[in-house]
Amino acid sequence: MELFINQVLAGIATGAIYACMALAIVMIYQAIDHLNFAQGEMAMFSTFIAWQLMQWGVPYWWAFLLTLIISFAGGIIIERLLFKPLAKAPVLTNVAGFIALFAIVNSVAGLIWDFTIKQFPTPFGSSPFLGSQLISTHQAGMIGVTLGLLVALFLFFRFTRIGLAMRAAAAMPESARLVGINTSWMVALGWGMASAIGAIAGILIAPVVFLEPNMMLGVLLYGFAAAVLGGLTSPLGAVLGGFLVGIFENLVGTYIPGVGNELKLPIALALIVIVLVVKPTGLMGRAVVKRV
Amino acid sequence: MSVLLSVHDLRAYYGQVQALHGLSFDLNEGSMTTLLGANGAGKTTTLRAICNMVRSTGGIQFEGKPLNGKSTENIVRLGIAHVPQGRGTFTTLTVEENLQLGAISRKDTKAISSDIERMYAHFPVLKQRHTQQAGTLSGGEQQMLAVARALMLRPRLMLLDEPSFGLAPLIVRDLFNILGKINREDKVSILVVEQNAQLALEIADKAYVIETGRIVMSGNAKEIANDESVRKSYLGY
């Protein structure tokens, strides 16, 4: 039993990472109806920026804040330069764009910071959380930040005018323009926010997996699994999906013989396929109600 | 009476196909003007051209200023509310959110909630359903919502594309009565496109008849309604 609780708690802790990543994925999906395959690489690049700032002597929280601002601006710039011209292009063109962005960001990071792994500090420390050996203070901090982020996003989309405008632009672009919303900038804003959320995910993950250009590969797959499980249209679903995928992954690794670490990743992929077959809208995804 | 909207030699294109062939008309401040014509005559295209949602040439002036080259959202922000065909309802959002979106470009945020209350007074059914997803409303209710959403802009001019489409006759009558009231009491000028010519001519004060992208007839709504030859050849009733 203790092993079970142990594994669930550890699952929730890693799940927080997936939840953050899934949040970023859902943000972009809402804005442009595509999955951004380069989301993980953008997050990795942001993390390197934070690392670089700290190397230059910037204190942790200032580096954190600056990185968020830079990532936000970076996301908007990428959208304006690369994806705005592709807005009316077919899906495959966009996919090619995402893959190109993936490769470019990955190589540029390798070029600037090389491929050796780097230590990344944590602001929460890594002592046992509340005297418990089960989860560390960093993991607890990660869960806290993820939940805080979710609440902030919920409040933003629910209660601010700009949040409402973003939802309207995502749901029905033509109608949105007819009430005076500049839909093109709403998409850019979505990219900026997704990029900043990705940066938070990267900064939280880096102390656990170490910083290097390929650090987000696995995480992104789990993030996709989490987003699909939770429903691609729901931020709450994304976070829930993240925690569930984390727990699921740990339990399967522990209790099913022969799975071990090597087979964990295929399990994430299998999960995506199963959810898409059985319940394509995911756990929290909204099925559109329509009167006929 | 001053001219609020003036359209001169408007030509519009869908790809290679020309849909409007030099259409000109004026809309007076405070008036309710109707564009009539058969299917495919170019009524919808005219409204879409005013809001720059279709490629067009020619002069469109609103309050004496040209609209050419302005984006749809900036034209709307000048005070032109467009209720498109199919109503443009945000089906996944709630009724109240739809109303808030109507006012999303307004700067005077304080007056918005009292305007929403005003809309609920105009359309009591919307108040009953204000937390409901707009897609669950009936066709008539959605049309009310679309008109209310357009009014939330506090527009100078409202463009309505076939508001009677798909509605039961009684509801259509209701809706047109409300439109007349809005026109008289809220001083909103209205340009309404209709296939239901009989009804439109009853409440409008000026009418233009379009055929294959050109204005073929214009005048006082009463005169056109009483002119049997016009009715028979263009309006089909």
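Tutor: Axes are lines fitted to C-alpha atoms, for helices over the stretch in contact, and angles run from 0 to 180 degrees between N-to-C directions. This is a predicted model, where local features need pLDDT of at least 70 and side-chain atom pairs count only at 80 or more, while totals for chains, interfaces and linings use all residues. Residues are numbered from 1 along each chain as its sequence is written, with chains lettered from A and ligands numbered from 1 in the order written.

Student: At what angle do helix 1 and helix 8 of chain A cross?

Tutor: Their axes cross at roughly 170 degrees and come within 8 Å, helices being DSSP runs of H or I with at least four residues, strands E runs of at least two, numbered from the N terminus.

Student: So are they roughly parallel or antiparallel?

Tutor: Helix 1 and helix 8 of chain A are therefore roughly antiparallel, since angles over 145 count as such (under 35 is roughly parallel, 65 to 115 roughly perpendicular, the rest oblique).

Student: Which residues of the two helices touch?

Tutor: Among them are A:Ile17 and A:Met21 of helix 1 and A:Trp191 and A:Leu204 of helix 8, contact meaning C-beta atoms, placed from the backbone, within 7 Å.

Student: Switching to chain B, what order do the sheet strands take?

Tutor: The 4 strands form an open, antiparallel sheet in the order 2-1-4-5, two strands pairing if DSSP finds at least two bridges between them.

Student: Which are the edge strands?

Tutor: Strand 2 (17–28) and strand 5 (65–66) of chain B each pair on one side only.

Student: How many bridges join strand 1 and strand 4?

Tutor: Strand 1 (residues 3–14) and strand 4 (residues 55–62) of chain B pair over 7 bridges, and B:Arg11 has B:Thr57 of strand 4 as its bridge partner.
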